[in-house]
Amino acid sequence: MPVFHPFTAQHFIALAIGAVIGAILILAGRKGGRPKRIAIGLLATLNLSAYVMVRLAWKGHADPGIDNMLPFQLCDLAAILAGLALLTRRRTLRDLTYFWGLAATTQALLTPALQAGFPSWPFVVFFIQHFAIVTTALFLPLADGWRPRSPWWSSPARAWLWANVYIVCALGVNTWLGSNFGFASRKPSNPSLLDHLGPWPWYLLSLQGIAFLLFLLLSLPFLRRNPGGK
């Protein structure tokens, strides 16, 4: 399998292609009617089928690791939540998709915890999955009318609390299985933001402050036009 190296041509080309396709889907959503229904259907399908695509992509590769076998990485759960958010329009699901998608999954695209390079299927599926989440997170406010709850800090606080529930569960699962879901037990081997936040477990505490600040910042664009959220 070819090896992935971050910040190389294959990385930047994947980011560019994903950004263009994501923009097209958001513009289709803003048109309303049939283009919007098609965009929602495509995004929901990509998000909800992400785990199946990952499993098929790794099929035949030696020892993909338990972290790739079970759908318990934060972005695996975010993909499921994003697909359900589009189909059900449930407020909590939409909140989590927006904040987790833009604060966490964007970081995963910029510093991928990925060993397989192009043109392997794990590489292709990784970027499809993560761009589907980020595109959905942007689609909700830009094309589907989502707004955070009132008061303005309520939605980011709820998203932060749910993120902490995930981290606690990930620590328990990691202790049981020897896995590293959520990178809660050790840092990824590829360069990432966590490299600058101190050793384990202190980087988990630093990450909590950064996550809460990012969630608050993501709410700021809605301060003057939030009618109560939906």
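Here are some questions and answers about the predicted model shown above.

User: Let's begin with the rings. How many aromatic pairs does the structure hold?

Analyst: A pair of aromatic rings is described by the distance of the centres and the angle of the planes. For this predicted model, the number of such pairs is 14.

User: Is the aromatic pair of Phe 123 and Phe 127 stacked, tilted or edge-to-face?

Analyst: Happy to walk through that one. The ring centres of Phe 123 and Phe 127 are 4.9 Å apart, and the angle between the planes is 55 degrees. Planes under 30 degrees apart count as stacked and those over 60 as edge-to-face, with the rest in between. The pair of Phe 123 and Phe 127 is therefore tilted.

User: What separates Phe 123 and Phe 127 along helix H7?

Analyst: Helix H7 covers residues 121-143, and both Phe 123 and Phe 127 belong to it. Because they are four residues apart in that helix, their separation is about one helical turn.

User: Are Phe 123 and Phe 127 buried or exposed?

Analyst: The cut-off for buried is under 20% relative accessible area. Phe 123 has a relative accessibility of 5%, and Phe 127 has a relative accessible area of 6%. Both values fall under the cut-off, so Phe 123 and Phe 127 are buried.

User: Which kind of pair do the rings of Phe 126 and Phe 127 make?

Analyst: The centres of these two rings lie 5.2 Å apart. Their planes stand at 80 degrees, so the pair of Phe 126 and Phe 127 is edge-to-face.

User: Which residues do ring pairs link into a cluster with Phe 126?

Analyst: Phe 126 is itself buried, at a relative accessible area of 12%. The cluster linked by ring pairs holds Phe 126 together with Phe 4, Phe 118, Phe 123 and Phe 127.

User: Which element gives the largest share of the largest nonpolar core?

Analyst: This core has 37 residues, and those touching the most other members are Leu 86, Tyr 98, Phe 99, Trp 100, Phe 127 and Phe 139. Elements giving two or more residues include helix H1 (9-31), helix H2 (33-48) and helix H8 (154-177). The largest share is nine residues, and they come from H7.

User: Which charged residues does Phe 139 touch, leaving out those up to four places away in sequence?

Analyst: With those neighbours left out, the contacts of Phe 139 include Leu 25, Ile 26, Gly 29, Ala 39, Ile 40, Leu 43 and Leu 86. The list also holds a Lys and an Asp, namely Lys 36 and Asp 144.

User: How far apart in sequence are the salt-bridge partners Asp 144 and Lys 36?

Analyst: Side chains of opposite charge can pair when their charged atoms come close. For Asp 144 and Lys 36, the closest N and O atoms are 2.9 Å apart. Asp 144 sits in the loop between H7 and H8 and Lys 36 in helix H2, a sequence separation of 108 residues.

User: Is Arg 89, which forms a salt bridge with Asp 144, buried or partly exposed?

Analyst: The closest N and O atoms of Arg 89 and Asp 144 are 2.8 Å apart. Arg 89 is in the loop between H5 and H6 and Asp 144 in the loop between H7 and H8, so the pair ties together parts 55 residues apart in sequence. Asp 144 counts as buried at 7% relative accessibility, whereas Arg 89, at 43%, counts as partly exposed.

User: Which residue forms a salt bridge with Asp 95?

Analyst: Asp 95 lies in helix H6, and its partner is 54 residues away, in the loop between H7 and H8. Asp 95 counts as buried at 3% relative accessibility. The closest N and O atoms are 2.7 Å apart, and the partner is Arg 149.

User: What is the accessible area of the nonpolar surface patch that contains Leu 213?

Analyst: Leu 213 has its place in helix H9 (residues 202-219). The other members of the patch are Trp 152, Trp 153, Leu 214, Leu 217, Leu 220 and Leu 223. Together, the patch residues have an accessible area of about 650 Å².

Technical notes. Residues are numbered from 1 along each chain as its sequence is written. This is a predicted model: local features need pLDDT of at least 70, side-chain atom pairs count only at pLDDT 80 or more; totals for chains, interfaces and linings use all residues. Side-chain values use heavy atoms; hydrogens and water are left out. Rings of Phe, Tyr and Trp (its six-membered ring) pair if their centres lie within 6.5 Å; planes under 30 degrees apart count as stacked, over 60 as edge-to-face and the rest as tilted. Buried means under 20% relative accessible area, exposed over 50%, partly exposed in between (1.4 Å probe, protein chains only). Patches are made of residues with over 30% relative accessible area and no salt bridge: like charges are joined within 9 Å, nonpolar side chains (Val, Leu, Ile, Met, Phe, Trp, Tyr) within 5 Å. Accessible areas come from the Shrake-Rupley method with a 1.4 Å probe; for residues, only the protein chains shown count as cover. A salt bridge is a side-chain nitrogen of Lys or Arg within 4 Å of a carboxyl oxygen of Asp or Glu. A nonpolar core is a set of buried Ala, Val, Leu, Ile, Met, Phe, Trp, Tyr and Cys residues joined through side-chain atoms within 4.5 Å. Contact means heavy atoms within 4.5 Å.
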